[in-house]
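The following exercises concern a single protein chain. Each task is followed by a solution in steps.

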Amino acid sequence: MKNRIVYVDCIKGLSIMIVVLIHVFESSICINSVSGEGGAWHSLTHAFIMPLFAFMSGLFIHGFYNLIDVRSKFERLMIPMLTLGVAYAYMKGHSFVEYAMHDFKYGYWYLLFLFESIIIISFVEYIFEPFKF
């Protein structure tokens with residue numbers, strides 16, 4: 001098993017729980033986080049806690065140089081995003097095109113964000129590989 005940094009895992013877990021609680025709280029009191037309703041609550045959660053979650057998710061991310069690793073990440077991130085997102089869109093009466101064009105992919109945007117980050121980091125690491133010491 002890999003050596004893990006316990007406090008980083010704790011911060012990741014805490015930030016995941018807080019993000020889930022924020023989403024549950026916002027949906028239960030009908031705050032539309034996309035339009036910015038919610039005043040100070042919205043400002044606090046979306047200016048600090050959500051970026052903390054994104055930062056902690058990508059803290060130890062690294063690129064992949066071979067297509068097998070990229071394919072594995074595609075299967076773990078994009079296939080669930082597409083299948084669950086499209087299923088949700090159809091249940092709400094929307095088409096695949098509406099799902100694909102929706103800014104937040106009906107809540108599944110984060111999986112796309114992670115996959116895009118991996119692709120970009122892989123490209124940058126590949127380009128700068130000859131310059132490593």
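**Exercise 1. Determine whether Y110 is buried or exposed, and identify its surroundings.**

Step 1. Y110 has a relative accessible area of 13% and is therefore buried (buried means under 20% relative accessible area, exposed over 50%, partly exposed in between, with a 1.4 Å probe and protein chains only).

Step 2. Residue Y110 belongs to helix α5 (helices are DSSP runs of H or I with at least four residues, strands are runs of E with at least two, and both are numbered from the N terminus).

Step 3. Leaving aside residues up to four places away in sequence, Y110 touches F53, A54 and S57, where contact means heavy atoms within 4.5 Å.

Step 4. For Y110 and A54, the C-alpha to C-alpha distance is 8.8 Å, although 56 residues separate them in sequence.

The model is predicted: local features need pLDDT of at least 70, side-chain atom pairs count only at pLDDT 80 or more, and totals for chains, interfaces and linings use all residues. Residues are numbered from 1 along each chain as its sequence is written, and side-chain values use heavy atoms, with hydrogens and water left out.

**Exercise 2. Describe the overall make-up of the chain.**

Step 1. The protein chain contains five helices and zero strands, in the order α-α-α-α-α along the sequence.

Step 2. Of its 133 residues, 23% are buried.

Step 3. Among contacts between residues at least 6 apart in sequence, 61% join residues at least 24 apart.

**Exercise 3. Compare the span of α1 with its expected value, and list its buried residues.**

Step 1. Helix α1 covers residues 6-28, and its 23 residues should span 33 Å at 1.5 Å a residue; the expected span is 1.5 Å times one less than the number of residues.

Step 2. The end C-alpha atoms of α1 are 33 Å apart, so the two values agree.

Step 3. V8, S15, V19, I22 and E26 are the buried residues of α1.

**Exercise 4. Characterise α3 and its packing against α5.**

Step 1. Helix α3 (residues 67-91) has 25 residues and reaches 34 Å from its first C-alpha to its last, close to the 36 Å expected.

Step 2. A kink of about 35° is centred on E75; the bend at a residue is the angle between axes fitted to the seven residues ending there and the seven starting there.

Step 3. The buried residues of α3 are V70, K73, L77, M78, M81, G85, V86 and A89, and their cover includes α4 (96-101) and α5 (109-128).

Step 4. The axes of α3 and α5 come within 9 Å and cross at roughly 160° (axes are lines fitted to C-alpha atoms, for helices over the stretch in contact, and angles run from 0 to 180 degrees between N-to-C directions). The two helices are therefore roughly antiparallel, a term for angles over 145 degrees.

Step 5. On the α3 side, V70, K73, F74, L77, M78 and M81 make the contact; on the α5 side, L111, L112, L114, F115, I118 and I119 do so.

Step 6. After α3 comes G93, with a positive phi near 85°.

**Exercise 5. Locate K105 and name the residues that it touches.**

Step 1. K105 lies in the loop between α4 and α5, and is buried, with a relative accessible area of 12%.

Step 2. Not counting residues up to four places away in sequence, K105 touches M81, Y99, A100 and L112.

Step 3. K105 and M81 are 24 residues apart along the chain, and their C-alpha atoms are separated by 8.5 Å.

How values were computed
Angles under 35 degrees count as roughly parallel, over 145 as roughly antiparallel, 65 to 115 as roughly perpendicular and the rest as oblique.
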